[in-house]
Amino acid sequence: MLFKFICCIGKKGSTTNKKEGDKKTPIGSFRLGSLYFRKDRVSKISTKLKKIKIKKSFGWCDDVKSKFYNKPIKINNKIRHEKLYRNDKKYDLLIPIEYNSKKPKKNKGSAIFIHLTSNYKKTQGCVAIKEKDMLILLKLINKKTKISSYPDSKSKSLRICISKKLNNKGKSR
């Protein structure tokens with residue numbers, strides 16, 4: 001089964017050589033993390049991903065000098081970070097894209113998420129989709145799902161594919 005969603009990506013396009021703050025979406029194939037969500041704004045979520053309620057104290061470290069670089073943190077004014085609990089609705093539902101996350105390399109990019117958009121404005125490097133599409137996507141994916149992004153020379157755009165591992169009988173696990 002194939003689902004297509006309209007999405008927006010980084011303001012400056014995409015790259016295989018991501019740098020912190022370059023406003024580009026990384027090209028490659030990456031695992032997805034847990035679902036972070038605002039319980040006060042989104043109540044019914046159907047997903048096989050682990051769910052984490054976003055608290056006011058939640059942030060994501062984008063400080064290249066910190067040992068917590070590209071990791072979720074409790075907000076600390078001494079460490080640069082992206083706030084996860086926001087006034088706008090962008091992060092009401094977000095899934096970290098496991099880019100530069102296992103052993104993060106300093107300055108290679110951080111806080112790359114699939115998150116929400118209301119207007120398809122380009123992002124700081126994330127992939128953003130409408131809430132209705134995110135809710136459909138969440139029903140389809142699991143912890144083994146990967147996101148792949150690659151240039152499409154025919155349309156001169158970036159293709160974003162979400163794939164689940166299949167067992168040897170062609171059925172998703």
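# Questions on a predicted model

Trainee: In this predicted model, how much space lies in the second largest pocket?

Mentor: The model in front of you is a predicted one, and its pockets are described by their volume and by the residues that line them. For the second largest pocket, the space comes to about 600 Å³.

Trainee: Which residues of the lining of that second largest pocket are the closest to its centre?

Mentor: The second largest pocket is lined by 30 residues, and these divide into seven nonpolar, eight polar and 15 charged. Of the 30, the closest to the centre are Lys90, Tyr91, His115, Thr123 and Gln124.

Trainee: How many helices and strands are there in the protein chain?

Mentor: Read along the sequence, the protein chain follows the pattern β-β-β-β-β-β-β-β-β-β-β-α-β-β. Counted by kind, the elements of the protein chain are one helix and 13 strands.

Trainee: In what order do the five strands of the open sheet stand?

Mentor: Strands of a sheet pair through backbone hydrogen bonds, either parallel or antiparallel. In this open sheet the pairing is mixed: three bridges join β4 (residues 35-37) to β5 in the parallel sense, whereas two bridges join β4 to β9 in the antiparallel sense and two bridges join β9 to β10, also antiparallel. The order of the five strands is β5-β4-β9-β10-β11.

Trainee: Why is one side of β5 and one side of β11 left without a neighbour in the sheet?

Mentor: In the sheet with the order β5-β4-β9-β10-β11, β5 (51-53) and β11 (127-129) each have a single partner strand, so one side of each is left without a neighbour in the sheet. The reason lies in where β5 and β11 stand, which is at the edges.

Trainee: Which residue is the bridge partner of Tyr36 in β9?

Mentor: Strand β4 is joined both to β5 and to β9, and its residues can be followed towards either strand. Towards β5, Phe37 stands opposite Lys53. Towards β9, the bridge partner of Tyr36 is Leu94.

Trainee: Is Leu93 buried or exposed?

Mentor: Leu93 is found in strand β9, where Leu93 and Ile95 point one way and Leu94 and Pro96 the other way. Among the residues that Leu93 touches, not counting residues up to four places away in sequence, are Leu35, Phe37, Ile114, Leu116, Met134 and Leu138. Since a residue counts as buried under 20% relative accessible area, and the value for Leu93 is 0%, Leu93 is buried.

Trainee: At about what angle to β9 does helix α1 run?

Mentor: Helix α1 (residues 131-140) lies across β4, β9 (93-96), β10 (113-116) and β11. Leu93 of β9 touches Glu131, Met134, Leu135 and Leu138, among others. The angle at which helix α1 runs to β9 is about 55°.

Trainee: In β8, which residue is the bridge partner of Trp60?

Mentor: In a regular strand the side chains alternate between the two faces of the sheet. Strand β6 (residues 58-61) has Phe58 and Trp60 pointing one way and Gly59 and Cys61 the other way, and all are buried. Strand β6 pairs with β7 (residues 72-74) in the antiparallel sense over three bridges, with Trp60 opposite Pro72, and three bridges also join β6 to β8 (residues 81-83), again antiparallel. In β8, the bridge partner of Trp60 is Glu82.

Trainee: Is Asp62 buried or exposed?

Mentor: The place of Asp62 is in the loop between β6 and β7, and, not counting residues up to four places away in sequence, Asp62 touches Glu20, Tyr69, Arg80, His81, Glu82 and Ser110. The relative accessible area of Asp62 is 11%, and the limit for this class is under 20%, so Asp62 is buried.

Trainee: Which strand gives the largest share of the lining of the largest cavity?

Mentor: The largest cavity has a volume of about 50 Å³, and its lining divides into seven nonpolar, four polar and no charged residues. The elements that give two or more residues to this lining are β2 (25-26), β3 (28-31) and β12 (146-152). The largest share, three residues, comes from β12.

Methods. Residues are numbered from 1 along each chain as its sequence is written. This is a predicted model: local features need pLDDT of at least 70, side-chain atom pairs count only at pLDDT 80 or more; totals for chains, interfaces and linings use all residues. Side-chain values use heavy atoms; hydrogens and water are left out. On a 1 Å grid over the protein atoms alone, a cavity is a set of points where a 1.4 Å probe fits but cannot get out, and a pocket is an open set with protein on both sides within 12 Å along at least five of seven lines; lining residues have an atom within 4 Å of a point. Ala, Val, Leu, Ile, Met, Phe, Trp, Tyr, Cys and Pro count as nonpolar, Asp, Glu, Lys and Arg as charged, and the others, Gly among them, as polar. Buried means under 20% relative accessible area, exposed over 50%, partly exposed in between (1.4 Å probe, protein chains only). Helices (H or I, at least four residues) and strands (E, at least two) are DSSP runs, numbered from the N terminus. Two strands pair if DSSP finds at least two bridges between them. Contact means heavy atoms within 4.5 Å. Axes are lines fitted to C-alpha atoms, for helices over the stretch in contact, and angles run from 0 to 180 degrees between N-to-C directions.
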